[in-house]
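Q: Please take a close look at the cysteines of this structure and at the charged side chains that pair or fail to pair. A connected account for a newcomer would be welcome.

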Amino acid sequence: MRLAKNVFRALWAGGLAAAACLAVTWAMLALLVSGAEGLVGSFLARSVNGVTTAAAAATGGPVDWWSATLSSGGRIWPLRFLLQGSPMVLLALGPVAAGLTAGLLTRGRARLLAASAGYATVITATATVTAAVAPGELATVSTPWPIAFVLALAWCFAVGLAGQAARRVKVVAAGAAVLLIAQLSVSGSAVAAPPAKARTELPVTMAAAGPPEPAPVGYFRPGVTEALAKVGVSHAADGAKIAADTGVTMAKDPWLGVPTMLSMQSPAGKDVKSWLRANAGLLAAKDPVAQLTELPARPKDPLGLKHDWFQQQVGGVPVYGARVGVHRDAKGKTVLSLTNNFIPDLVPTGTKPTLDAPSAVTAAGRAMPGAKAGAAPELLLLPDEPDPGKPVAATLVWRVTMVADDGRSTVFYVDALSTGRIVKFEPGHLEYKNRSVWDLNNNPRPSGGPARTEGEGPVSEPDVNAVYDHSGRFYDYLSSTFGRDSWDGEGARMNSYARYSNDRNHQPVKNAFFDPLTGETMFGEGTATLTIVSHEWQHGVTHSSAGLFSFFQGGSLHESFSDVFAAFTEYKVKGSTSWKAGEGSSLGVIRDLANPSALSYDGKPHPDHYSKYWLGCADGGWVHFNSLIPSHAWYILATRIGIGKTQEIAYRDLTTQLGPRSRFSDTRAGAIQAASDLYGKNSPEMLETWRAFGAVGIDGNYESPRQQCMCFADESLTGVGLEALDPDGASTDATVAGLLRVRDIFENAESGAVMHYAQLYARANSRAMELLTTSDTLRRQTAHLMQSMEPAFRTVNTPQGDLISITQGQIDEINALVDAYLEADIDAGSDGTWTALARSELEHANIQAMVGMSVNEAYAYLESLFD
Ligand SMILES: [Zn+2]
């Protein structure tokens, strides 16, 4: 009885002490308003878990915390706060209140000890239980509970002894008042920071890594020349003259030093695999067959020719885009052509991942907060850009597609042997008769079922009817011209969304795209013309046949095939085509295939010749402009042999000859081969195809220089820059991920400010990279700034962006870095561009005003300056 009574009394006093502790802790958290403490305070004050965590932490033990929301964590030593004079020391008031309460409610040391034990039980149990109930939510203390218990008990007992001695409630009030005044004076000083001179410069992401590299002419890997001779090809045969007697044509990868598309007359022998073994030199490999697995057959060739496709694999892991196609005559006796995307001399970083697939998704998610994984992550070997005479390194990666709320997606390649390093990223969508059309009414996502499905009559919304009708016309064009059943050739549904908009104010967007992940098309209000609808669905045809890459030459070919097949569809439907992309839509005419240079961008005429290929990293390698080079060749061919035959050659080239890594020269060689298959060797059609591509400079000899694009963050965070990083700060991976977000915001520029900074970036970027690669100090400084800005990068434009504030330290660091860049620019022989840019930026924005703003407020502030 007596024992039960004592236990009850101890728990009652302990419980009240715990309640006092939590109430005071919660109130103190609310008082923490500025800087990092303000962030932690507002963060913890939102849940019982957070308040209990703070209370447990306040007793002095080390606290390891992890937040799923912020995707970050760390270790806090409360003693350090005390020594630094941080306002966080206010949190010690919680346990003090508990001790005083216990002291006031008990008499004698034994009862105080019991009450303290009761208090410690309640606090540690609550912290442990709330962490278990809401795992990963907000903060979780991972100090072992026995340590937390003993510390809580010790504090409560010690303070309780003082409380028993004083027995005056006023002590609590007086103590609180003193600390409150201390707190107010601390936060007051943070607000009244002196104004400094203002400069702006946002850190940036993608850049051209150095000057363009000219193509190494005439380079072949060992064994290739001999193998070419064996199949009757002298590698000088192609180019200036088409070998009329042999019909030989060839495209090569100048850096890899192998033929990538080759026409020939080679006895096939027993089967395709033994032919590949016998002619392994063409692939510059000893035994390529050991690395090749057979791919499913493409739809049957109407000409009856045989096409065998293979995928390169190492240790069971596919090599990205590395496909080989062997094309034989109808009897299978003669090899007529080879599509070679095989990567010889491949050196993988490994084939067994140490990072699991869910962790890869988490890493990609850091760069695209709020987005969800769109498909199961896929393990791949991602080859580096090849260099003559060198093995080709390949990184083991997870390919993760992340889909944002607005339906747009990005594909991330995450190093599978790292903690989550993002190696590369690319757009996951291509801009740009079982139909279903949803009406999004200027929203990114549908709220209900389709507005019009197959066989249903017109609805009141004209955009829905336009998408429905034009999708039907494109389907009919494919079906009646090539016998192709829908975009994938296998009768796929044609789901479309009319009046798509990702604008926050639900304004129409001038945008349309095909999403390879879902096989769906999206159309902004006013964009659903026959040619734009056909263009987007044609991306589906290209994606499901050649599977061309979506950047550089592959991306330009993707856009080119979309534009020319849109023109072919228009011709089929109307009996004529204007060869103009965008005509009649809200975009207006954006490209003219018949006369590319009639239009210009930023004062520069669109390219109409391979020698005018636009280098650079914007627009996936200027794919919406360089597309005009091959498009113009198809236009020229159509003026010579008619659209009827041109579309047959283009379709055959795309669906039977080309592979993912194909380039302009492959398209030419494939087109000549296709014309030869269709109309005969050395037929007028074949010769005209040869001439049409030659007319735009794709002649089998010339190759454009290449430009490697790299992540600015990666570059500045490697080498000597890493030494300057704060070991307690954000990881390199997290910093790169944060910068990728900034890149996304730039690329989807929706506001005047973002457009302004995106342009500023484009103008300042290559010079910054130049200076960066020559100065270790600059690299150190840049790396450090990126790391300090990481929380801002990661959270801008997300709900977490309300919780993180811009500090004076960050602004000082930005100013110092801009000064350092300007100085380095002048030292390296400035042309004055940067100084002028800096001056005009000064007139626009006062970034000092951003101190104390949340990340999102700062973003809104910048937006307000340019609207
Ligand atoms: Zn497109």
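A: In this predicted model, the sulfur of Cys-21 lies 8.7 Å from the closest cysteine sulfur, which belongs to Cys-156. A disulfide requires two cysteine sulfur atoms within 2.5 Å, so the separation of Cys-21 and Cys-156 is too far for a bond. Cys-156, for its part, is in no disulfide, and the nearest cysteine sulfur to it is that of Cys-21. The structure as a whole holds zero disulfides. As to their surroundings, Cys-21 counts as buried, at 0% relative accessibility, and Cys-156 is likewise buried, with a relative accessible area of 0%.

The charged side chains come next. Side chains of opposite charge can pair when their charged atoms come close. In this model the count comes to 20 salt bridges. One of them joins Glu-688 to Arg-640, with the closest N and O atoms 3.6 Å apart. This pair links distant parts of the chain, since Glu-688 belongs to helix H19 (residues 684–695) and Arg-640 to helix H16 (residues 628–641), 48 residues apart. Glu-688 is buried, with a relative accessible area of 18%, whereas Arg-640 is partly exposed, at 43%.

Glu-688 also forms a salt bridge with Arg-691, and here the closest N and O atoms are 3.4 Å apart. Arg-691 and Glu-688 both lie in helix H19; because they are three residues apart, about one helical turn separates them. Arg-691 is partly exposed, with a relative accessible area of 41%. Elsewhere, salt bridges with shared partners join Glu-213, Glu-385, Asp-387 and Arg-706 into one network.

A further salt bridge is formed by the side chains of Arg-652 and Asp-677, at 3.3 Å from N to O. Arg-652 is part of helix H17 (residues 643–657) and Asp-677 of helix H18 (residues 664–679), so this pair ties together parts that are 25 residues apart in sequence. Both Arg-652 and Asp-677 are buried.

Glu-813, in helix H24 (residues 808–827), presents another case. Glu-813 is buried yet has no salt bridge, and the nearest side chain of opposite charge, that of Arg-780, is 12 Å away. A salt bridge calls for a nitrogen and a carboxyl oxygen within 4 Å, so Arg-780, at 12 Å, does not serve as a partner. The side chain of Glu-813 does, however, make a polar contact of 2.7 Å with the side chain of His-784.

The backbone also deserves a remark. Most residues other than glycine have a negative phi. Trp-622 has a positive phi, near 55 degrees. Trp-622 is found in helix H15 (residues 619–626) and counts as buried, at 18% relative accessibility. Ala-284 also has a positive phi, near 55 degrees, and lies in the loop between helix H10 (272–278) and strand E6 (292–294).

Finally, the surface carries a nonpolar patch of about 470 Å², made by Phe-8, Trp-12, Leu-16, Leu-104 and Leu-105. The elements that give two or more residues to this patch are helix H1 (2–31) and helix H5 (93–105). H1 provides the largest share, three residues. Leu-105 lies in helix H5 and is partly exposed, with a relative accessible area of 33%.

Definitions and conventions. Residues are numbered from 1 along each chain as its sequence is written. This is a predicted model: local features need pLDDT of at least 70, side-chain atom pairs count only at pLDDT 80 or more; totals for chains, interfaces and linings use all residues. Side-chain values use heavy atoms; hydrogens and water are left out. Patches are made of residues with over 30% relative accessible area and no salt bridge: like charges are joined within 9 Å, nonpolar side chains (Val, Leu, Ile, Met, Phe, Trp, Tyr) within 5 Å. Accessible areas come from the Shrake-Rupley method with a 1.4 Å probe; for residues, only the protein chains shown count as cover. Helices (H or I, at least four residues) and strands (E, at least two) are DSSP runs, numbered from the N terminus. Buried means under 20% relative accessible area, exposed over 50%, partly exposed in between (1.4 Å probe, protein chains only). Lys and Arg count as positive and Asp and Glu as negative; His and the chain ends are not counted. A polar contact is a pair of N or O atoms within 3.5 Å; within protein, one must be able to donate a hydrogen and the other to accept it, and residues adjacent in sequence count only if both atoms are side-chain atoms.
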